[in-house]
Amino acid sequence: MDSVRLDIWLDVACLFRTRSEAQKACKAGKVDVNGQPAKPHREIKSGDEIVISRPLGRKQRLLVYAIGDTHIARKEARGLYEDLTPPATPEEVEQRRIDRLARAFLRPQSAGSPDKRERRQLRRMKEGSE
């Protein structure tokens with residue numbers, strides 16, 4: 001085997017939880033292969049460079065070493081590629097931590113009225129700030 005579908009390889013390499021998540025990311029334009037936006041059915045081969053757009057503006061760069069189309073252990077799956085992503089700066093790490101903490105206090109706009117658990121949390125926050 002010298003090539004495999006992109007969505008299958010992303011799933012086998014444990015870069016996405018499921019193949020359908022990999023397909024959605026490809027269709028949304030979050031995956032580039034060799035500098036070109038890639039569709040899920042694109043065939044990839046050894047030596048291709050993949051760039052995945054992650055949350056908070058991060059980009060993950062990978063170099064494909066091997067091809068696989070069947071699920072393997074996560075440790076073995078890391079051998080299918082080399083991660084070329086530069087390490088995060090201390091400022092980026094701190095910003096991610098702040099964003100993660102802030103996200104806990106934000107509710108989606110379409111959630112409607114708060115449920116029992118959310119009302120308790122809101123009450124605790126209000127009582128603590130007075």
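**Exercise 1. Decide whether Q60 is buried, exposed or partly exposed in this predicted model.**

*Solution.* Step 1: take the relative accessibility of Q60, which is 15%. Step 2: recall the cut-off, under 20% for buried. Step 3: put the two together: Q60 counts as buried because its relative accessibility is 15%.

**Exercise 2. Describe the surroundings of Q60: which strand holds Q60, and which residues does Q60 touch?**

*Solution.* Step 1: find the element. Q60 belongs to strand β6, which covers residues 59-64. Step 2: list the contacts, setting aside neighbours within four places in sequence. The partners of Q60 are then L15, I50, V51, I52, R54, D83 and T85. Step 3: pick out R54 from that list. The side chains of Q60 and R54 are joined by a polar contact of 2.9 Å.

**Exercise 3. Now try M1: is M1 buried or exposed, and where does M1 lie?**

*Solution.* Step 1: place M1 in the chain. M1 sits in the segment before β1, a strand spanning 4-5. Step 2: use the relative accessible area of M1, which is 64%. Exposed means over 50%, so M1 is exposed at 64%. Step 3: look for partners beyond four places in sequence. Here M1 is in contact with I67 and D69. Step 4: look at a pair separated in space. From C-alpha to C-alpha, M1 and F105 are 49 Å apart, and their positions lie 104 residues apart in sequence, counted as a separation.

**Exercise 4. Work out the overall build: how many helices and strands does the protein have, and in what pattern?**

*Solution.* Step 1: count the elements. There are five helices and seven strands. Step 2: read them along the sequence, which gives β-α-α-β-β-β-β-β-α-β-α-α. Step 3: turn to the contacts with a separation of 6 or more. Of these, 40% are between residues 24 or more positions apart.

**Exercise 5. Compare the protein with a compact globule: what is its radius of gyration?**

*Solution.* Step 1: start from the reference. A compact globule of 130 residues would have a radius of gyration near 14 Å. Step 2: set the protein beside it, with 20 Å. Step 3: add the box. Along the principal axes, the C-alpha atoms fill roughly 65 × 35 × 30 Å. Step 4: finish with the surface. Buried residues make up 23% of the 130 residues. The protein exposes about 9,400 Å², and carbon and sulfur atoms supply 51% of that area.

Conventions
Residues are numbered from 1 along each chain as its sequence is written. This is a predicted model: local features need pLDDT of at least 70, side-chain atom pairs count only at pLDDT 80 or more; totals for chains, interfaces and linings use all residues. Side-chain values use heavy atoms; hydrogens and water are left out. Helices (H or I, at least four residues) and strands (E, at least two) are DSSP runs, numbered from the N terminus. Buried means under 20% relative accessible area, exposed over 50%, partly exposed in between (1.4 Å probe, protein chains only). A polar contact is a pair of N or O atoms within 3.5 Å; within protein, one must be able to donate a hydrogen and the other to accept it, and residues adjacent in sequence count only if both atoms are side-chain atoms. Contact means heavy atoms within 4.5 Å. The radius of gyration is taken over C-alpha atoms; the globule rule is 2.2 Å times the number of residues to the power 0.38. Accessible areas come from the Shrake-Rupley method with a 1.4 Å probe; for residues, only the protein chains shown count as cover.
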